[in-house]
2 protein chains.
Amino acid sequence: MRILVLGGDGYLGWPTALHLSQTGHEVAVADNFARRGYDNELGAESLVPIESLQTRVAVWRELTGKSIGVYIGDLCEADFTSAMIKEFRPDAVVHFAEQRAAPYSMIDRKHAVYTQVNNVVGTMNLLYAIAEIDPSIHLVKLGTMGEYGTPNIDIEEGWLEVTHNGRTDRVLYPKRPGSFYHLSKVHDSHNIEFACRIWNLAATDLNQGVVYGQQTPETALDDRLATRFDYDAVFGTVLNRFVIQAVLGRPLTVYGAGGQTRGILDIRDTVRCIQLACENPAQPGEFRVFNQMTESMSIKDIAATVARCFPGEVTIEHLDNPRVEREEHYYNVVHTGLVELGLEPHLLSDTLISSLFDITKRYAHRVNAELMLPKVNWRVSAV
Amino acid sequence: MRILVLGGDGYLGWPTALHLSQTGHEVAVADNFARRGYDNELGAESLVPIESLQTRVAVWRELTGKSIGVYIGDLCEADFTSAMIKEFRPDAVVHFAEQRAAPYSMIDRKHAVYTQVNNVVGTMNLLYAIAEIDPSIHLVKLGTMGEYGTPNIDIEEGWLEVTHNGRTDRVLYPKRPGSFYHLSKVHDSHNIEFACRIWNLAATDLNQGVVYGQQTPETALDDRLATRFDYDAVFGTVLNRFVIQAVLGRPLTVYGAGGQTRGILDIRDTVRCIQLACENPAQPGEFRVFNQMTESMSIKDIAATVARCFPGEVTIEHLDNPRVEREEHYYNVVHTGLVELGLEPHLLSDTLISSLFDITKRYAHRVNAELMLPKVNWRVSAV
């Protein structure tokens with residue numbers, strides 16, 4: 001298949017592009033390098049050094065003989081988006097090209113507005129381009145498990161069968177997200193479902209859990225193919241950050257009581273899920289939703305797992321929770337759709353964490369410990 | 001109370017400002033005149049001539065001795081929004097200041113993006129301004145019954161008690177709206193609920209039905225206090241448009257089968273509902289939702305009512321439906337919240353329609369009949 005990976009220079013976009021290329025697909029990536037720009041703004045960078053997109057693509061070709069096309073531009077520029085779809089004519093578009101950090105969206109008003117406008121407008125431009133150029137192009141959109149929040153009922157895959165006053169309907173699963181970023185994804189989901197309804201588009205919305213890990217078989221082929229490994233309090237995901245804190249001999253920083261439970265998954269499962277979604281497309285007019293996660297775990301259990309596996313002393317510190325979220329709650333998620341398509345999950349194992357310890361030790365000299373402490377507070381509405 | 005009416009130059013914002021002023025409140029209005037701009041763009045205008053905002057306010061003062069403050073500016077300009085709230089220090093903000101026409105949002109990509117960005121960013125700027133300046137300011141936000149779509153279960157007021165697999169939660173009512181405009185209001189509702197949760201704001205979301213009528217006791221005091229009366233296919237609401245078609249001896253144009261059922265209300269009830277919401281504010285942290293409508297009616301029944309009341313021959317014509325919507329569906333809406341606060345509905349009666357006939361006859365020479373035919377098609381994704 002011809003697959004276009006939007007946000008293909010990012011933490012997950014890049015390994016996904018490699019995996020799709022490796023498994024025989026014709027791949028192009030698009031990026032506006034917003035993620036590298038956030039690094040400049042925050043004075044942060046990936047723990048593992050990453051090459052330019054041009055070098056990455058050249059190395060991949062050198063090692064495997066496979067080409068990956070490159071489009072440099074911004075989805076918010078409708079002319080760029082439309083011209084790219086017209087030229088590449090993908091069978092599927094994998095859409096990672098959004099601002100993806102909840103704390104970034106909560107820095108202040110400007111960052112909140114930027115996040116929602118960037119994410120919503122980029123996705124709308126893409127919907128219009130697909131509808132106009134070829135409505136049979138399958139949209140594979142990255143959402144987040146955080147869209148659901150923490151309801152007191154089971155979390156289904158995007159839709160819910162509701163009986164109320166003796167009548168029944170299948171409705172979009174009601175969502176109550178916890179940041180302006182998560183809200184932007186909820187807005188996207190509503191817009192996409194509507195586009196499926198009126199233009200007969202085929203879309204898969206992947207509500208992804210918190211991803212951990214840094215290597216896939218493809219990125220491991222060469223240092224120059226490495227993907228990002230973020231540990232700062234804004235872009236670092238929780239398990240990755242704990243591993244780095246352990247290696248540095250610093251306390252693992254748990255927000256509040258740590259009973260917050262989240263869906264998680266291994267980066268190797270992310271790239272496989274995307275492949276499965278592309279190879280088994282949604283039907284015309286279908287808004288299909290998968291919960292892209294392999295297990296649930298509380299933050300304090302993730303910390304305990306890292307502490308247990310680390311060959312050395314580890315302490316755990318509970319910080320005042322900068323977020324507004326329930327610290328003890330029910331959490332039970334249906335996530336069978338991708339397993340039915342063939343996903344064989346890598347569950348969180350000692351092995352994987354050890355590999356992260358090795359990576360971290362190798363690059364420990366690059367850590368700026370200050371970046372690990374949360375500075376963005378949900379309760380303060382910075383203008 | 002001190003009440004700021006955003007969008008106070010519009011069809012409903014202006015009569016609301018007058019009603020609040022008349023009932024003893026200290027009122028200011030804000031507007032960027034976007035609505036007058038859409039007229040220029042579409043080559044349309046209100047059937048009833050309207051004065052400039054400056055003249056309206058001067059006439060009101062001349063007749064009643066009451067002052068209405070005026071702010072000219074755009075909510076999307078955060079500095080303007082914030083400075084206005086700082087200066088006027090309202091107890092309540094009534095927020096009508098959004099692009100409000102579904103067909104306008106469906107013209108093409110640019111209009112869809114404009115509608116969502118304008119509505120969502122304006123509301124976000126307002127939320128940040130309130131949180132920053134005084135979180136006790138009560139936000140009274142105009143939503144629309146169209147946010148819900150037409151579910152096969154009863155429509156509750158914003159929240160739904162769901163039992164699923166033996167567990168229960170109170171969730172935001174699941175919505176499935178029918179245009180990029182209606183979607184923008186769903187996005188707003190999610191953003192506002194979040195702001196209530198994290199910043200303890202007090203908000204009332206009024207999901208309003210289709211409004212009909214053109215006069216309130218206050219606008220009727222003087223021709224120069226009149227509000228808009230739109231009949232074009234983009235901004236005209238359905239009953240108003242049917243009345244004008246009847247007076248002109250043209251067929252009433254029903255989209256599709258006409259079984260589409262909608263919540264409706266009299267303009268006099270709109271202004272009263274806003275007053276009730278302001279005078280009985282939501283609690284800090286509360287996201288309160290009312291369904292602001294007084295009865296439900298199908299499009300074909302609205303047409304039949306107009307035909308029955310009109311003193312003359314009326315024909316009804318069914319056009320191909322330009323929208324994507326169910327033409328036969330279940331529709332049962334709970335709308336008791338505002339009645340409990342004291343609303344005494346004006347139900348659709350022959351009297352009211354007759355008054356609309358009179359207004360229409362008086363200004364029939366101003367009609368451009370071409371504007372009444374739908375030109376925006378939901379199925380075509382005009383870029």
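Biologist: Which is the crossing of α1(B) and α9(B), left-handed or right-handed?

Modeller: The crossing of α1(B) and α9(B) is right-handed. The near helix is turned clockwise from the far one; anticlockwise by less than a right angle would be left-handed. This is a predicted model: local features need pLDDT of at least 70, side-chain atom pairs need 80 or more, and totals for chains, interfaces and linings use all residues. Residues count from 1 along each chain as written, with chains lettered from A and ligands numbered from 1 in written order.

Biologist: Why is α1(B) called oblique to α9(B)?

Modeller: Their axes cross at roughly 55° and come within 9 Å. Axes are fitted to C-alpha atoms, over the stretch in contact for helices, and angles run from 0 to 180 degrees between N-to-C directions. Under 35 is roughly parallel, over 145 roughly antiparallel, 65 to 115 roughly perpendicular, and the rest oblique. So α1(B) is oblique to α9(B).

Biologist: Which residues meet there?

Modeller: From α1(B) come B:Pro15, B:Thr16, B:His19 and B:Leu20; from α9(B), B:Ile267, B:Val271, B:Ile274 and B:Gln275. Contact needs C-beta atoms, placed from the backbone, within 7 Å. Five of these residues are nonpolar, three polar and none charged. Nonpolar covers Ala, Val, Leu, Ile, Met, Phe, Trp, Tyr, Cys and Pro; charged covers Asp, Glu, Lys and Arg; the others, Gly among them, are polar.

Biologist: What makes B:Phe33 partly exposed?

Modeller: B:Phe33 has 14 other C-beta atoms within 10 Å. Buried takes 20 or more, exposed 12 or fewer, and partly exposed lies in between. So B:Phe33 is partly exposed. Its place is the loop between β2 (26–31) and α2 (34–42) of chain B. Its phi is near 65°, positive in a residue other than glycine.

Biologist: How do you know whether B:Asn165 is buried or exposed?

Modeller: B:Asn165 has 9 C-beta neighbours inside 10 Å, so B:Asn165 counts as exposed. This residue sits in the loop between β6 (159–164) and β7 (167–172) of chain B. Phi of B:Asn165 is near 50°, also a positive value in a residue other than glycine.

Biologist: What makes β9 and β13 of chain A edge strands?

Modeller: Each pairs on one side only. The open sheet of three strands runs β9-β11-β13 in chain A, with mixed pairing. Strands are DSSP runs of E, at least two residues; helices are runs of H or I, at least four, and both are numbered from the N terminus.

Biologist: How do you know that β9(A) pairs with β11(A)?

Modeller: Pairing takes at least two DSSP bridges. β9(A) and β11(A) have three, in the parallel sense. A:Tyr212 stands opposite A:Asp266 in β11(A).

Technical notes
Two residues are in contact if their C-beta atoms, placed from the backbone, lie within 7 Å.
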